[in-house]
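Q: I should like to learn how the features of a protein model are read. Please take them one at a time, with the general idea before the case.

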Amino acid sequence: MTTEPADDTDRSFLFVLGSARPDGNTEILARAAAEQLPPGIPQRWVDLTRLALPDFQDGRHESGSWPVGEAEEELRRATLEATDIVIVSPLYWYTVSAHTKRYLDYWSGWLGVPGLDFKERMAGRTLWGVTVMAHEEEAVADGLVTTLTNTAAYLRMRFGGVLFGNGSRPGQVRADERAMVRAKTFFERETPLARFPYEQD
């Protein structure tokens, strides 16, 4: 298990789009941040709304193997191939979107796949978040931040934090100058190992 941050030459980014609206504000902000990455770093963008991914059914404690569909296999492979996973989800009811939550639920299933070693392989990778919301107070997104922070902590991942933006109508985030400035250096931030609140000093 490694907990060392990946060298830039070895990094690859997976952007997981969880919005129910195509080309929404959160994706716009994420792409503004991604534009600042060095040209040699691979980027893969996956739109969860375009994957035929069924709702997650927990069969971890049942006998037999659970059938894996093509969409799940594609998503699992993309997740494990990335050094940096960026959750791109607007703030829906103060947390991540339903599509995003379903994606994270599948992580629960992957933890139990024999020989996959999902938890061990995810350790040391970096989880990031990008979200846009109608509210101007970032504190209302604490639920989303907690979801991502604790997910990273459980898997002993690094956490790069959340890039916030403000907007509701299509394209409105472009007028959020503070968000657009933050996007320019977002992926240059320190990425410490995530810790549960009870582990922090």
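Q: Where does strand E5 lie in the sequence, and how many of its residues are buried?
A: Strands (E, at least two residues) and helices (H or I, at least four) are DSSP runs, numbered from the N terminus. A residue is buried under 20% relative accessible area, exposed over 50%, and partly exposed in between (1.4 Å probe, protein chains only). Strand E5 covers residues 158-166, and 8 of its 9 residues are buried, so the strand is largely enclosed by the rest of the structure.

Q: On what kind of model, and on which atoms, do such statements rest?
A: This is a predicted model, in which local features need pLDDT of at least 70 and side-chain atom pairs count only at pLDDT 80 or more, while totals for chains, interfaces and linings use all residues. Residues are numbered from 1 along each chain as its sequence is written, and side-chain values use heavy atoms, with hydrogens and water left out.

Q: In which sense do E4 and E5 pair, and over how many bridges?
A: Two strands pair if DSSP finds at least two bridges between them. Strand E4 (residues 126-133) pairs with E5 in the parallel sense, over 7 bridges. Within this pairing, Thr 126 stands opposite Arg 158 of E5.

Q: What unit do E4, helix H5 and E5 make?
A: A crossover is called right-handed if, with the strands pointing away from the viewer, the path from the first strand over the helix to the second runs clockwise. E4, helix H5 (residues 142-154) and E5 form a right-handed β-α-β unit.

Q: How many helices and strands does the whole chain have, and in what order do the elements run?
A: The chain has 6 helices and 5 strands. Read from the N terminus, their order is β-α-β-α-β-α-α-β-α-β-α. Of its 201 residues, 47% count as buried. Contact means heavy atoms within 4.5 Å; among contacts with a separation of 6 or more, 82% are between residues 24 or more positions apart.

Q: How many salt bridges are counted?
A: A salt bridge is a side-chain nitrogen of Lys or Arg within 4 Å of a carboxyl oxygen of Asp or Glu. By this rule there are 10 salt bridges. One of them joins the side chains of Asp 84 and Arg 11 at 2.9 Å, N to O. Asp 84 belongs to strand E3 (residues 84-88) and Arg 11 to the segment before strand E1 (13-17), so the pair ties together parts that are 73 residues apart in sequence. Both Asp 84 and Arg 11 are buried.

Q: Which salt bridge does Glu 73 form with its partner in helix H2?
A: An α-helix has 3.6 residues a turn, so residues three or four places apart point the same way. The side chains of Glu 73 and Arg 77 meet in a salt bridge of 3.7 Å, N to O. These two residues of helix H2 (residues 70-81) are 4 residues apart, about one turn of the helix. Glu 73 is partly exposed, at 25% relative accessible area, and Arg 77 is likewise partly exposed, at 39%. Glu 73, Arg 76 and Arg 77 are linked in a network of salt bridges.

Q: How does the span of helix H3 relate to the expected value?
A: The expected span of a helix is 1.5 Å times one less than its number of residues. Helix H3 (residues 98-111) has 14 residues and reaches 20 Å from its first C-alpha to its last, close to the 20 Å expected. Its buried residues include Tyr 103, Trp 107 and Trp 110. The buried residues of H3 pack against E1, H2, E3, helix H4 (118-122), E4 and H5.

Q: What does Thr 26 touch?
A: Thr 26 is found in helix H1 (residues 25-34) and is buried, with a relative accessible area of 4%. Leaving aside neighbours within four places in sequence, Thr 26 is in contact with Val 88, Ser 89, Pro 90, Val 130, Thr 131 and Val 132.

Q: What is the phi of Asp 23, and is this residue buried or exposed?
A: Asp 23 has a positive phi of about 55° although it is not a glycine. Asp 23 lies in the loop between E1 and H1 and is exposed, with a relative accessible area of 57%. Asp 117, also not a glycine, has a positive phi of about 55°; its place is in the loop between H3 and H4, and at 43% relative accessibility Asp 117 counts as partly exposed.
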